[in-house]
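Grab the viewer and work through these exercises with me. Each one starts with a task and then goes through the solution step by step.

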Amino acid sequence: MMRRFYLPVLIAILAAAPLAFGQTKPSTGTGPEEELKKLDHKWLDSEKNLDVDYCEKFFADSYVLVFPNGQAYTKAEWLGILKGPDHPTITMLDPEDIKVHLYGNVAILTDHTTLKGHDSKGNSMDGEFNVFRVVTRQNGVWRATGVVMNAAPPKK
């Protein structure tokens, strides 16, 4: 009788074990999540300040940027814009509420970004955006591989 009781309990414990390993631990303020949040800020600061050398190294060759209007740019196209005379002027590029979703060598960062600035013709680029960024670890170094920006209502 005891043996029949233990077998179902053992099966239940073994069945639940993979679920326990899949749980995430709360962030301790250190580790890859914090590193990636800092990297997100450095990335945006480099674009805001037209630090094309940093962007050139940080963007993977497969980098793609998609704006809310659907316009997509490759690494070469976006760097060409940042280097060229028709580059945007950005006075604020501020991500808030950065969430890091880590999957081995791939990290997805989501945030709410406030953008203030204008294009080379003086047209406002001001807006609030929900942003989806993808970075991958290549040879031990995080590199940006993609960004999708979606217009969002202003935060209240």
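Two strands count as paired if DSSP finds at least two bridges between them. Keep in mind that this is a predicted model.

**Exercise 1. Work out how strand E1 pairs with E6 and with E2.**

Step 1: Start with E1 (residues 59–66) and E6, which run parallel and are joined by four bridges. Val66 sits opposite Val148 of E6.

Step 2: Now turn to E2 (residues 72–74), which pairs with E1 in the antiparallel sense over three bridges. Here Val64 has Thr74 as its bridge partner.

Step 3: Look at the connection: E1 and E2 make a hairpin with five residues between them, and Gly70 in the turn has a positive phi of about 95 degrees.

**Exercise 2. Find out what surrounds the charge of Arg143.**

Step 1: Place Arg143 in strand E6 (residues 141–151).

Step 2: Check for a salt bridge, with a cut-off of 4 Å from nitrogen to carboxyl oxygen. Arg143 is buried and has none; Asp61, the nearest side chain of opposite charge, is 4.7 Å away.

Step 3: Look for backbone partners instead: the backbone oxygen of Lys57 is 3.0 Å from a polar atom of the Arg143 side chain.

**Exercise 3. Which residues are linked with Asp40 in a network of salt bridges?**

Step 1: Take Asp40 and Arg133, whose closest N and O atoms are 2.9 Å apart in a salt bridge. The pair links helix H2 to strand E5 (residues 127–138), 93 residues apart.

Step 2: Check burial: Asp40 and Arg133 are both buried.

Step 3: Complete the network with Asp111, which is linked with Asp40 and Arg133.

Technical notes:
Residues are numbered from 1 along each chain as its sequence is written. This is a predicted model: local features need pLDDT of at least 70, side-chain atom pairs count only at pLDDT 80 or more; totals for chains, interfaces and linings use all residues. Side-chain values use heavy atoms; hydrogens and water are left out. Helices (H or I, at least four residues) and strands (E, at least two) are DSSP runs, numbered from the N terminus. Buried means under 20% relative accessible area, exposed over 50%, partly exposed in between (1.4 Å probe, protein chains only). Lys and Arg count as positive and Asp and Glu as negative; His and the chain ends are not counted. A polar contact is a pair of N or O atoms within 3.5 Å; within protein, one must be able to donate a hydrogen and the other to accept it, and residues adjacent in sequence count only if both atoms are side-chain atoms.
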